[in-house]
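Good morning, and thank you for joining. I would like to take you through one structure today, beginning with a side-chain detail and ending with the chain as a whole.

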Amino acid sequence: MSKKFRVTYATLSADNEELHRGYEDGVHQARGWLGRELRGHVADPEATAPLTAVTSPHDPSIVVSQVRESTPNDIDSGIGLAAKSARGWAAKPWRERMQVMLRVADLISERSNELGALMSIENGKNRLEALGDVEEAADMIRYYCNELEKHDGYDHPMGSLNPAERTRSVLKPYGVWAVVGPFNFPMALTAGPAGAALVAGNTVVVKPSLQGTFIASKLFECFTDAGVPAEAAILLPGGDDVGQAVVADPRIGGVTFTGSSKVGMSIFNEFATQYPKPVMAEMGGKNPTIVSAKADLDDAALGVARSAFGFSGQKCSACSRVYVQREVRDEFLAKLVEQTKKLKIGDPTARDSFVGPVVDADAVRRFEDAVAHAREVGAVVTGGEALNGEGLPGHYVAPTVVTDLPLDDRLYSTELFVPFVAVATVDTVQEGLELSNADPAGLTAGFFSNDQAEIDEFLEVIEAGVIYVNRPAGATTGAWPGVQPFGGWKRSGSTGKAGGGLYYLPEFLREQSQTVVEK
């Protein structure tokens, strides 16, 4: 049997026939699932909780699922089950937990075609990005398992002040961990933190985005089939009110949230009412790329286009502002427009589609408002239209490049989550760095230059958690677990530690010093 082609975000132009045949089989399978009613694991079958229809952003006439929202009683019961089982799951030897979670990762990989296809239908991510999202979820879990093993379960002997004393440092779980997941990476940014929490010995309660509920339910099938106890991983679907109720419950020991700065900061400020408890909040970015006069402009244009317009700009790491030196501004802009016009817009399940739909009508309205403002105070160089026609029945907008905005314009600071990038002219690299760092967000950043002194300055000065230099595969996007740890500085992250990195798993644990005097 040939080895299955493995997708990462570096394979966005992959031309592997096995990959495409497998995905297309997955599309056929996923279409057979559509329209199902989805419930949480503790939903009362007699409950009259409302059903919410989740439709495809590619074609809103397609009902992906009917989500039965979790009731207050469901939430109370679900968290209660997770709390009751927390001690037993934590007591399981860490190597046994690790083996269970490695089986979860393998099942995710084995089912990647149907999971990726379902994701494309549910949230509009193109086939290669969707397959990458699924494989990233599996690799995150594997990485955290490997970290646990590398550190011997985080149980280490310490020094001694007395020959009769034996002291150990042991990291122990918090109990019940809540994961509030986003629509844009519904596998990776749900499975990653939930997998880390579980392998560390916590039980988990997951509240997915409504637009990612079906993928979350399929993730939980992987949990169950791999041997995660039903009470150790609880799915509570619903809207924002369900998420608020979950994180407000005093039995929750820690929370991982991915989403807006407004919601993330409210959780950060309000979660720990009894005593300090960990909040891991990833809150997006307004990610800059600086293009030096000494850059390879072809690489810069390609890297910016991929990062600005991949998944229709709906990544927290998307490049949304560019600072280009005056000497090369016109040439860079022309190359960026050329790259943008090459991008195929269409059904995300189609093989040649790069840009799919935005998630909903609200995103279209945000796009139209931004374009109208850019036309008023600057210039729209390419794009600028909402698209709705033959083959594009859903929430489609054209990848858009704007320029000539005032440097303090709101479009350089407002996260839009649409395929929209603003290009500004600067006189020096230093000016670009100052403008980049002036924003309170600090998630990702890119730089293009062939001058080592400029590169060194960028690496020293830029205030962002994930940075890339001279990367045509993605100026600000494309992190992978164990390769590029992903986490933000400043407004973009609450911990200063990064998912898929060396210091992430211990955040789900707390240290206990154990001294025993031998008699």
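**Rings, a sheet and the overall fold**

I begin with Lys 125, which lies over the face of Phe 311, at 4.9 Å from the ring centre. Please keep in mind that this is a predicted model. There is a second arrangement of this kind: Lys 218 lies over the face of Trp 33, at 3.7 Å from the ring centre.

Let me turn to rings that pair with other rings. A search of the whole structure finds 11 aromatic pairs. One of them is formed by Tyr 174 and Trp 177, with 5.7 Å from centre to centre and 65 degrees between the planes, an edge-to-face pair. Are these two residues buried or exposed? Tyr 174 is partly exposed, because its relative accessible area is 23%, whereas Trp 177 has a relative accessible area of 0% and is therefore buried. In another pair, the ring centres of Phe 447 and Phe 458 are 4.9 Å apart and the planes are at 15 degrees; since planes under 30 degrees apart count as stacked, this pair is stacked. It connects distant parts of the chain, 11 residues apart: Phe 447 belongs to strand 19, and Phe 458 to helix 14, residues 452–461. Both Phe 447 and Phe 458 are buried.

Ring pairs also build a cluster, which links Tyr 143, Tyr 144, Tyr 174, Trp 177, Tyr 504 and Phe 508.

Strand 19 brings us to the sheet. In what order do the seven strands of this open sheet run? The order is 13-16-17-12-11-19-20, and the pairing is mixed. At the edges are strand 13, residues 379–382, and strand 20, residues 466–469, each of which pairs on one side only. On average, neighbouring strands of the sheet are turned by 20 degrees against each other, direction ignored.

Within the sheet, strand 11, residues 287–291, and strand 19, residues 444–448, run parallel and are joined by three bridges. In one of the details of this pairing, Thr 289 has Gly 446 in strand 19 as its bridge partner. Helix 13, residues 429–438, packs on the sheet and touches strand 11, strand 12 (319–325), strand 17 and strand 19. The direction of helix 13 makes about 155 degrees with that of strand 12. Helix 12, residues 361–377, lies across strand 13, strand 16 (400–403) and strand 17 (420–426), and runs at about 115 degrees to strand 13.

Next, a single glycine. Gly 195 is found in helix 6, residues 188–199. With a relative accessibility of 2%, Gly 195 falls under the 20% limit and so counts as buried. Which residues is Gly 195 in contact with, leaving aside its neighbours within four places in sequence? They are Met 101 and Ile 141. Gly 195 and Ala 105 are separated by 90 residues in sequence, and their C-alpha atoms are 9.0 Å apart in space.

Finally, the chain as a whole. There are 14 helices and 22 strands in the chain. Its C-alpha atoms fill a box of roughly 80 × 60 × 50 Å along the principal axes. For 519 residues, a compact globule would have a radius of gyration near 24 Å, and the 23 Å of the chain agrees with that. Buried residues make up 60% of the 519 residues. Among contacts with a separation of 6 or more, 74% come from residues 24 or more positions apart.

Thank you; I welcome your questions.

Definitions and conventions
Residues are numbered from 1 along each chain as its sequence is written. This is a predicted model: local features need pLDDT of at least 70, side-chain atom pairs count only at pLDDT 80 or more; totals for chains, interfaces and linings use all residues. Side-chain values use heavy atoms; hydrogens and water are left out. Two strands pair if DSSP finds at least two bridges between them. Helices (H or I, at least four residues) and strands (E, at least two) are DSSP runs, numbered from the N terminus. Axes are lines fitted to C-alpha atoms, for helices over the stretch in contact, and angles run from 0 to 180 degrees between N-to-C directions. Contact means heavy atoms within 4.5 Å. Rings of Phe, Tyr and Trp (its six-membered ring) pair if their centres lie within 6.5 Å; planes under 30 degrees apart count as stacked, over 60 as edge-to-face and the rest as tilted. Buried means under 20% relative accessible area, exposed over 50%, partly exposed in between (1.4 Å probe, protein chains only). A charge sits over a ring if NZ of Lys or CZ of Arg is within 6 Å of the ring centre and within 35 degrees of the ring normal. The radius of gyration is taken over C-alpha atoms; the globule rule is 2.2 Å times the number of residues to the power 0.38.
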